[in-house]
Amino acid sequence: MDHMAPAGPEETITARDAGLVSCTNCGTLAPLGTPRCARCHAALHSRSPNAGQRVWAWLLAGIVCYIPANLYPMLLTNTFGKVSTGTIIGGAIELFEYGAWFVAVVVIVASVVIPVAKFMVIAGLMLGVRYGSRLSAHRRMQLYEATEFIGRWSMIDVFVVAILTALVQLGFVASINPGPAAVCFALSVVFTMLSAQSFDPRMIWDSLEEHAARVRR
Amino acid sequence: MRTRHPISQNLDRLIACRSCDLLLDRVIPPPGKVARCPRCHHVLLSNKRNVIDNTLAGAISTAILMVAAIFFPFIALDEAGLHRDASVMDAVGAFSDGWSAPLTIAVAAFIVVIPVTRAVALIYALLPLRLGMKPARNAARSFRMAMAMKPWSMAEIFIVGVAVALIKVTDLATVSLGPSFWAFSALIVIVVFENTTLCEWTIWRLLDPKRR
């Protein structure tokens, strides 16, 4: 692993300080104010516009959808004419009772631990940018990268419902159908992914400099 | 906010970190190594061999596997003399009844449409480079689109979902796996392969019309 040397004499000279904007898409540098990247034609922004508002808006939408996702049934199981419903938590408890504890843990982690942790991390990062944070910028960066990486995996539960529905259609003997929670859960995952994508990690580092400047003054 | 004049007029010799905006002198690391930002440790660029070859290989295999995955049977269930086959398309159509219908479109996009479109876009953008021709007219746009689609391409998540679903039903019925299941499983390997071989920065430089 090699670290590049900073371009300026001071360690923290950003592209913005130097009057430049870097394309987040292909990495080309252009003078600040250039509307589009010459190489890949993406719109250029030194900092993504209204990032804060978009992050909060998507996050709120994600949390709102997550509530019915847990209250409504995920699966409607019909065995010999008897319909039983299962929520996310209920399904995991059932798996525990079967003795399939490993799968139960996977389900709990993918559909409860990860979504809730993501809500908390994104909100925490935003508050950290605004008010400063006890965590180092590095640690916050790691949290952000982990959130971005792991977010899509919450979709597992939706796919499980899709496969069970497709597969278990044995008429009167057994059939499985999706419940309303599946849709809410999918929406929650998508909204949270959009929230994480709207976050501009450069805000973390800008806020460090701003807080440092405030202390100096 | 401090404002300074550009340090160097030759912007080509500089690089800014995507995740913290730190301006750096661009150094190409030795072959096989990656260069990281000294402030936030984000990977700036990597000097990997055969970036184009490997990315193309991944995209072409994805396209072939997806065709197999869609047209071959995926999974079958037997219980009490009853038989049920399910293809990937049945899984996609699982939500097509009633008000969950929009979810069908989303599931179709995540596990079939986006992975296929991404593979086609990558082939379109990179194959001319591989053949030594000049980049196709919309090569930059299609490569950008392929990269933007990456988080939404969920074939590998789908296959893990299948594994969980299988464990749920194996107690109730006999399940057998079709060729399509294995095609999807192979996609996981390709995703991991792509994550370790693709360097966006290198490909962008190769796609740049000014350099050719």
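**Exercise 1.** Which residue is the bridge partner of A:L76 in β5(A), and in what sense do the strands involved pair?

*Solution.* In this predicted model, the partner to look for lies in β5(A), and the residue bridged to A:L76 there is A:T85. Moving from the single bridge to the strands, one finds that β4 of chain A, which covers residues 75-79, pairs with β5(A) in the antiparallel sense over 5 bridges. The next step is to place this pair in its sheet, which is open, has 3 strands and follows the order β5-β4-β6 in chain A, with antiparallel pairing. At the edges stand β5 (82-86) and β6 (174-178) of chain A, each of which pairs on one side only. From one strand to the next, the twist averages 20°.

**Exercise 2.** Determine how chain A is divided into domains, and state how far apart the C-alpha centres of these domains lie.

*Solution.* The division assigns residues 1-46 of chain A to domain 1 and residues 48-216 to domain 2. Taking the C-alpha centre of each domain of chain A in turn, one arrives at a separation of 33 Å.

**Exercise 3.** Describe the side of chain A that touches chain B, beginning with the residues in contact and ending with their classes.

*Solution.* The contact count comprises 59 residues of chain A and 63 residues of chain B. Several elements of chain A supply at least two residues each to this side, among them β1 (2-3), β2 (20-22), α3 (101-131) and β6. The element that gives the most is α5(A), with 9 residues. Sorted by class, the side of chain A that touches chain B holds 40 nonpolar, 13 polar and 6 charged residues. As to confidence in the complex, the predictor gives an ipTM of 0.83 together with a pTM of 0.86.

**Exercise 4.** Is B:A148 buried, partly exposed or exposed, and where in chain B is its place?

*Solution.* The place of B:A148 is in helix α4 of chain B, which spans residues 139-149. B:A148 counts as partly exposed because it has 14 C-beta neighbours inside 10 Å, whereas a buried residue would need 20 or more and an exposed one 12 or fewer. A further step relates B:A148 to B:R118, which is 30 residues away along the chain, while the C-alpha atoms of the two are separated by 9.3 Å.

**Exercise 5.** Assess where the pLDDT of chain B falls below 50.

*Solution.* Chain B averages a pLDDT of 81, and 94% of its residues score at least 70. Over residues 1-6 of chain B, however, the pLDDT is below 50, and this stretch has 11 contacts in the model beyond near neighbours in sequence.

Methods:
Residues are numbered from 1 along each chain as its sequence is written. Chains are lettered from A and ligands numbered from 1 in the order in which they are written. This is a predicted model: local features need pLDDT of at least 70, side-chain atom pairs count only at pLDDT 80 or more; totals for chains, interfaces and linings use all residues. Two strands pair if DSSP finds at least two bridges between them. Helices (H or I, at least four residues) and strands (E, at least two) are DSSP runs, numbered from the N terminus. Axes are lines fitted to C-alpha atoms, for helices over the stretch in contact, and angles run from 0 to 180 degrees between N-to-C directions. Domain bounds come from an automatic or database domain assignment. pLDDT is the predictor's confidence in each residue, from 0 to 100. Two residues are in contact if their C-beta atoms, placed from the backbone, lie within 7 Å. Ala, Val, Leu, Ile, Met, Phe, Trp, Tyr, Cys and Pro count as nonpolar, Asp, Glu, Lys and Arg as charged, and the others, Gly among them, as polar.
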